[in-house]
Amino acid sequence: MSFEVLLLEFDNPQHPWVYCVAPEVSRDVFPALLHIREDRSIWFRGRYIPGLCVYSASIFKFESWPSKSVQVLDQTATYLGKLVIWLRTRRLFHLNSGVVLYTPAPGEQVRDTEPRINRNFPGIAKQLLPITRAWRGVWPGGVAPFGPAGHFQTIAPQEECWCGSGETYGNCHRRQEASVLGNTGDGTSPN
């Protein structure tokens, strides 16, 4: 399997952004993949391409040598290797029984079309979709804490933000994530 990758570099302290141009790695193809940054989507070659979250900036620290770009490409190669393992080990499971419903043939690209949430059609109706099946695969190694709760519990305000902006977590995403969690970001409740 081969990949075409696009790397965008920025002035310090902003981290470079990484995109998978080919094959498509997006929520349309892999709705369950946690490592997609839709907030960093760009228009490229006639379509939107989401960014890849190949590392958490609060965990990964750049060395003085080699260049940031080389280090990000190293992280990207590791990420893509894990992605290949995840793709090749994915199976469609029935959630209640645990029975494997489908195993893709080697090399077969499968679009994940299983429902994830109930669809809401504002002003029209709510369509309740029972979630009974899901694709699961092996993602080797650990996964960085994600989501507001994971970030809030593991990143101190003075540490670099997970997003790669180069700002501290306290000056970047902490307040926003605290409001999602229902507190002020300083450990106190807003009420």
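Start by selecting Trp-86: setting aside neighbours within four places in sequence, this residue is in contact with Phe-30, Leu-33, Gly-137, Val-138 and Trp-139. Keep in mind on this tour that the model is predicted.

**The cores**

Now add Val-25, Phe-30, Leu-33, Leu-52, Tyr-79 and Leu-83 to your selection. Together with Trp-86, these residues touch the most other members of the largest nonpolar core, which has 19 residues. Colour strand S2 (17–22) and helix H1 (68–89) next, since each supplies at least two residues of this core. Which element gives the most to the core? H1 does, with six residues.

Another core, of seven residues, lies apart from this one; pick out Phe-152, Cys-161, Cys-163 and Tyr-169, which are among its members.

**Along helix H1**

Back to H1, shown as a ribbon. The helix has 22 residues and reaches 32 Å from its first C-alpha to its last, close to the 32 Å expected at 1.5 Å a residue. Turn on side chains for its buried residues: Ser-69, Gln-71, Val-72, Thr-76, Tyr-79, Leu-80, Leu-83, Val-84, Trp-86 and Leu-87. What covers them? Strand S1 (4–8), S2 and strand S4 (47–52) are included in that cover.

**The pockets**

Switch to a surface view and centre on His-35, Cys-53, Tyr-55, Ser-56 and Ala-144. Of the 26 residues that line the largest pocket, these lie nearest its centre. About 620 Å³ of space lies in this pocket. Strand S3 (36–44), H1 and helix H2 (147–154) each supply at least two residues of its lining. Colour the lining by class and you will find 14 nonpolar, seven polar and five charged residues.

For the second largest pocket, with a volume of about 240 Å³, select Leu-87, Arg-88, Gly-107, Glu-108 and Gln-109, the closest to its centre of the 13 lining residues. By class, that lining holds seven nonpolar, two polar and four charged residues.

**The enclosed space**

Rolling a probe the size of a water molecule over the atoms shows where empty space is left. How many cavities of 30 Å³ or more are there? The count comes to one. The largest cavity has a volume of about 150 Å³. To find it, select Pro-16, Arg-40, Leu-52, Val-54 and Tyr-55, the closest to its centre among 16 lining residues. S2, S3 and S4 each supply at least two residues of the cavity lining, and by class this lining divides into 11 nonpolar, three polar and two charged residues.

Two of these residues are familiar from earlier stops: Leu-52 from the largest nonpolar core and Tyr-55 from the largest pocket.

Terms used:
Residues numbered from 1 in each chain as written. Predicted model: local features only at pLDDT ≥ 70, side-chain atom pairs only at ≥ 80, totals over all residues. Heavy atoms only, no water. Core = buried A, V, L, I, M, F, W, Y, C linked by side-chain atoms within 4.5 Å. Buried < 20%, exposed > 50% of the residue type's maximum accessible area, 1.4 Å probe, protein only. Helix = DSSP H or I, 4+ residues; strand = E, 2+ residues; numbered from the N terminus. Contact = heavy atoms within 4.5 Å. 1 Å grid on protein atoms, 1.4 Å probe; cavity = no way out; pocket = protein on both sides within 12 Å on 5 of 7 lines; lining within 4 Å. Points joined across faces, edges and corners; volume = space filled by probe spheres on them. Nonpolar A, V, L, I, M, F, W, Y, C, P; charged D, E, K, R; others polar. Expected span 1.5 Å × (residues − 1).
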